[in-house]
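Trainee: Hi, have you got a minute to go through a structure with me? I'd like to ask as we go.
Mentor: Sure, put it up on the screen.

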Amino acid sequence: GSGLPVISWYGVSGRLYTLSSSDALANPSSWGNVPGYPDTPGSDDDISYTNLTPDSQPQFYRVSVRLP
């Protein structure tokens, strides 16, 4: 592999997925949407994100799902 961090999840049709990231789990206000991944529609297939510019700080990710 490329050695870059990859986040993948299965996206179900009829659902919208938002990927968020934070460098501090204990700080709820530090979470922000990953550019290009707000309301990504599921298509009964994998959805993935590769962090092309990882920094030296640990990074945490979460995926939110909602109905359109």
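Mentor: Let's talk through the aromatic rings, a pocket and a few single residues.

Trainee: Before we start, what kind of model is this?
Mentor: This is a predicted model.

Trainee: Okay, rings then. How many aromatic pairs does the structure hold?
Mentor: There are 2 aromatic pairs. In one of them, the ring centres of Y37 and Y49 are 5.3 Å apart and the planes stand at 80 degrees, so that pair is edge-to-face.

Trainee: Where do Y37 and Y49 sit along the chain?
Mentor: Y37 is in the loop between β3 and β4, while Y49 belongs to strand β5, residues 45–50. The two are 12 residues apart, and their pair links distant parts of the chain.

Trainee: Are those two buried or exposed?
Mentor: Both Y37 and Y49 are buried.

Trainee: And what does Y49 do with Y61?
Mentor: Y49 and Y61 form a tilted aromatic pair, with 6.0 Å centre to centre and 55 degrees between the planes. Y61 lies in strand β6 and Y49 in strand β5, so this pair ties together parts that are 12 residues apart in sequence.

Trainee: Why does Y49 count as buried, and why does Y61 count as partly exposed?
Mentor: The cut-off for buried is under 20% relative accessible area. Y49 counts as buried because its relative accessibility is 14%. Y61 has 23%, so Y61 counts as partly exposed.

Trainee: So what do the ring pairs link into a cluster?
Mentor: Y37, Y49 and Y61.

Trainee: Changing topic: what's the volume of the largest pocket?
Mentor: About 180 Å³. Two of the tyrosines we just discussed, Y49 and Y61, are in its lining, and the lining also includes P5, S21, V34 and P54.

Trainee: How does the lining divide into nonpolar, polar and charged residues?
Mentor: The lining of the largest pocket has 6 nonpolar residues, 5 polar and 1 charged.

Trainee: You mentioned P54. Where is P54 found?
Mentor: P54 is in the loop between β5 and β6. With a relative accessibility of 41%, P54 counts as partly exposed. Leaving out residues up to four places away in sequence, P54 touches L4 and P5.

Trainee: V34 lines the pocket too. What separates the C-alpha atoms of P54 and V34?
Mentor: Their C-alpha atoms are separated by 13 Å, and the two residues are 20 apart along the chain.

Trainee: Now T18. Which strand does T18 lie in?
Mentor: Strand β2, which covers residues 16–22. T18 is buried, at 14% relative accessible area.

Trainee: What lies 3.1 Å from a polar atom of the T18 side chain?
Mentor: The backbone nitrogen of D39.

Trainee: Which residues is T18 in contact with?
Mentor: Setting aside neighbours within four places in sequence, T18 is in contact with N33, Y37, P38, D39, R62, V63 and S64. You'll recognise Y37 there as a member of the ring cluster.

Trainee: Last one: where's S8?
Mentor: S8 is in strand β1, residues 6–11, and counts as partly exposed at 49% relative accessibility. Not counting residues up to four places away in sequence, S8 touches I47 and S48.

Trainee: And how far is S8 from V63, by C-alpha atoms?
Mentor: Those C-alpha atoms are separated by 9.6 Å, with the residues 55 apart along the chain. V63 is also among the contacts of T18.

Note on methods: Residues numbered from 1 in each chain as written. Predicted model: local features only at pLDDT ≥ 70, side-chain atom pairs only at ≥ 80, totals over all residues. Heavy atoms only, no water. Helix = DSSP H or I, 4+ residues; strand = E, 2+ residues; numbered from the N terminus. Buried < 20%, exposed > 50% of the residue type's maximum accessible area, 1.4 Å probe, protein only. Polar contact = N/O pair within 3.5 Å; in protein donor to acceptor, adjacent residues only side chain to side chain. Contact = heavy atoms within 4.5 Å. 1 Å grid on protein atoms, 1.4 Å probe; cavity = no way out; pocket = protein on both sides within 12 Å on 5 of 7 lines; lining within 4 Å. Points joined across faces, edges and corners; volume = space filled by probe spheres on them. Nonpolar A, V, L, I, M, F, W, Y, C, P; charged D, E, K, R; others polar. Phe/Tyr/Trp six-rings, centres within 6.5 Å; stacked < 30°, edge-to-face > 60°.
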